[in-house]
Amino acid sequence: MMKTRATAIPYLLWMVIFILVPLLLVAYYAVTTPDGAFTIDYISQVGEYTPVLVRSVWLAFIATVLCLLIAYPLAFIISRKSGSGQRTMVMLVMLPMWMNFLLRTYAWMTILEKNGLINRFLAQFGIGPLEMINTQGAVVLGMVYNYLPFMILPLYSVMTKIPNALIEAAQDLGCNGVQVLIRVLLPLTLPGISTGIIQVFVPSVSTFIISRMLGGGGNLLIGDLIDLQFLGNAYNPNLGAAISLVLMVMILLCMSITNQFGDEEKGEMLK
Amino acid sequence: MKESNIVSLRDISVDFDGEPILVGLDLDIRDKEFVTLLGPSGCGKTTTLRTIGGFVHPKSGDVFFDGLRINDLPPHKRNVNTVFQRYALFPHLNVFENVEFGLKLRKVPENERKARVQEMLELVNLAGYDRRNIHQLSGGQQQRIAIARALVNHPRVLLLDEPLGALDLKLRKEMQIELKRIQQTLEITFIYVTHDQEEALTMSDTVVVMNDGDIQQVGSPQDIYNEPKNAFVADFIGESNILDGVMFEDCLVEFAGRKFDCVDKGFGKLERVDVVIRPEDIKVIDPENAPLSGMVESVIFKGVHYEMIVDAHGYKWMIHSTRSEQPGAFIGMEVAPFDIHIMRKMEVE
């Protein structure tokens with residue numbers, strides 16, 4: 001007993017120094033003026049940015065739904081492949097992640113630009129140029145493209161644990177394709193779905209690179225807002241901390257909702 | 001009397017990745033019978049079952065159910081239900097919900113659902129287990145739930161794919177009797193797949209012995225055991241001594257360097273045959289004047305009898321005898337004419 005405690009100390013220290021202390025600092029900055037006096041002015045100021053908050057949540061929500069719709073069938077197909085087929089396809093899913101995040105997003109800029117790949121191609125047929133870059137659509141595309149693997153992997157890992165016989169049993173008892181999905185697959189993959197949603201939604205809602213590069217100036221997200229307060233010309237760390245705090249509370253709320261139907265010892269069920 | 005066939009397979013061929021699994025298989029299954037598909041692993045018995053269930057689509061041939069061709073009918077529309085090898089119970093549902101699953105899909109009203117599930121749980125001796133979780137049940141209990149889940153839908157045919165394979169010996173024996181009882185109570189057709197010959201003989205009305213994707217013999221357990229059609233069946237069902245022999249004339253066969261009287265007829269003159277003798281049909285006698293004699297190599301006590309391996313005339317004979325001999329002893333052996341089974345050599349492909 002003592003031994004396990006002793007070995008836990010480095011991790012505990014790590015967590016205190018790099019997680020707990022920064023969190024407390026954020027909370028501290030959020031409720032104090034630069035002189036150190038207590039205030040809730042900054043917190044209430046966050047309300048002025050409601051449109052930005054709403055836009056962030058809305059775009060992240062769309063991106064998460066799209067990721068789920070794309071990843072679910074794909075993960076299922078991968079999980080039904082043979083061992084080597086599965087490894088190859090999982091590799092392909094992970095492959096883009098080996099490239100730098102910024103580079104990948106830059107690549108999309110050159111594809112979507114006014115003189116980018118798509119518009120030049122369309123120009124051959126006299127179409128366009130289309131407004132693609134600097135739109136909300138481009139931001140969602142960037143989110144889906146960058147975070148899709150984080151949806152596929154948890155889904156794939158719960159799906160590989162579902163034996164084919166379970167699907168056949170459902171068919172045998174009278175399920176058509178849709179009923180197999182609703183009555184067997186969805187309930188059994190809920191833990192993967194909730195993990196995937198968190199892993200896509202959380203980085204999407206707080207991203208600032210994607211919106212800045214693909215969304216132009218008109219599609220400011222919370223992430224950009226926070227970035228402006230710390231590193232931009234708006235320099236106001238206290239307001240930045242307040243926005244961060246609000247964002248954190250929002251994310252925690254979202255996570256607790258998805259966790260509601262994620263847990264329930266479902267991990268054990270498929271053993 | 002015209003017997004009605006509930007399931008008929010006509011000239012069924014199935015390939016997996018170009019590998020032939022079933023080759024031109026014909027099979028008729030009579031209504032309300034307990035039929036066992038018996039064979040070594042890889043013989044195509046499970047594939048046959050899955051063809052009837054609708055999970056395997058034959059490359060050629062037809063599947064008939066109650067006289068209707070059902071080749072293109074998907075599994076959920078077939079009036080058969082399956083008990084899967086590893087039970088395949090739904091882990092997210094409790095016992096009651098598992099059994100209820102098929103009835104709910106058929107939109108059976110709730111009252112009737114409850115009554116039918118209870119009836120089934122009683123049938124498999126698990127009344128009162130409704131609210132249990134699946135992973136709280138033992139292997140044997142899960143097996144019973146799988147059977148109840150299939151039977152509650154009142155299928156005309158129940159398919160069972162080695163359902164007792166994962167149970168220990170004692171439980172397996174109990175479940176064999178249980179299954180037979182259920183089949184007789186409900187009067188429906190059971191098609192049962194196993195590689196365990198004892199299981200097949202215990203439960204079945206009809207045994208279908210399979211090997212290499214084709215049927216070797218169809219018959220009652222007694223027929224299969226007493227009158228195996230070829231050396232494969234003889235070897236697979238129970239234990240056998242199989243020797244090369246030559247048929248001299250009707251009722252006279254030569255093997256182990258000597259001519260023996262037998263009761264089989266209708267072979268060609270000097271036709272090469274397989275001679276099959278069951279280990280329990282060999283009598284140990286005094287070596288003097290014995291038709292066969294040899295040296296005992298090993299003796300194993302098997303409970304009811306001793307199993308001896310005897311080296312005689314260039315063949316290792318297996319003998320089951322209640323009398324024990326010392327290894328190294330020289331003994332004589334005798335076989336009655338009606339215990340010598342003559343079989344045509346299997347064609348070598």
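Read along the sequence, chain A of this predicted model shows the succession α-α-α-α-α-α-α-α-α-α-α-α-α. The count for chain A is accordingly 13 helices and 0 strands. The C-alpha trace of chain A extends over about 75 × 70 × 30 Å along its principal axes. Of the 271 residues in chain A, 30% are buried. Among the contacts in chain A with a separation of 6 or more, 71% are made by residues 24 or more positions apart in the sequence.

Chain A is in contact with chain B, and each chain contributes 18 residues: 18 from chain B and 18 from chain A. On the side of chain B that touches chain A, two elements of chain B give two or more residues, namely β6 (80-83) and α2 (95-105). The element that gives the most to this side is α2(B), with 3 residues. Sorted by class, the side of chain B that touches chain A comprises 8 nonpolar, 8 polar and 2 charged residues.

Chain B itself is divided by the domain assignment into domain 1, covering residues 5-231, and domain 2, covering residues 239-344. A distance of 39 Å separates the C-alpha centres of domain 1 of chain B and domain 2 of chain B. The contact between them involves 4 residues from domain 1 of chain B and 6 residues from domain 2 of chain B. On the side of domain 1 of chain B that touches domain 2 of chain B, the residues are 2 nonpolar, 1 polar and 1 charged.

Helix α3 of chain B, formed by residues 110-123, was examined in detail. This helix has 14 residues, and the distance from its first C-alpha to its last is 20 Å, close to the 20 Å expected at 1.5 Å a residue. The buried residues of α3(B) are Arg116(B), Val117(B), Met120(B) and Leu121(B). These residues lie on the same side of α3(B) because they cover an arc of only 135° around the axis. Such an arrangement can be read against the geometry of helices in general. An α-helix has 3.6 residues a turn, so residues three or four places apart point the same way. The buried residues of α3(B) pack against two other helices of chain B, α2 and α4 (139-151). The other side of α3(B) carries the exposed residues Asn111(B), Glu112(B), Ala115(B) and Glu122(B). After α3(B) comes Asn125(B), which has a positive phi, near 60°.

Positive phi values were also found in loops of chain B. Most residues other than glycine have a negative phi. Glu187(B), although not a glycine, has a positive phi of about 55°. Glu187(B) is located in the loop between α5 (169-186) and β8 (189-194) of chain B. A residue counts as exposed if 12 or fewer other C-beta atoms lie within 10 Å of its own. Glu187(B) is therefore exposed, since 8 other C-beta atoms lie within 10 Å. A second case is Asn289(B), a residue other than glycine whose phi is positive, near 65°. The position of Asn289(B) is in the loop between β15 (282-285) and β16 (292-301) of chain B. Asn289(B) counts as exposed because it has 9 C-beta neighbours inside 10 Å.

Conventions: Residues numbered from 1 in each chain as written. Chains lettered and ligands numbered in written order. Predicted model: local features only at pLDDT ≥ 70, side-chain atom pairs only at ≥ 80, totals over all residues. Domains from an automatic or database assignment. Contact = placed C-beta atoms within 7 Å. Nonpolar A, V, L, I, M, F, W, Y, C, P; charged D, E, K, R; others polar. Helix = DSSP H or I, 4+ residues; strand = E, 2+ residues; numbered from the N terminus. Expected span 1.5 Å × (residues − 1). Buried ≥ 20, exposed ≤ 12 C-beta atoms within 10 Å, placed from the backbone. Arc of directions from axis to C-beta.
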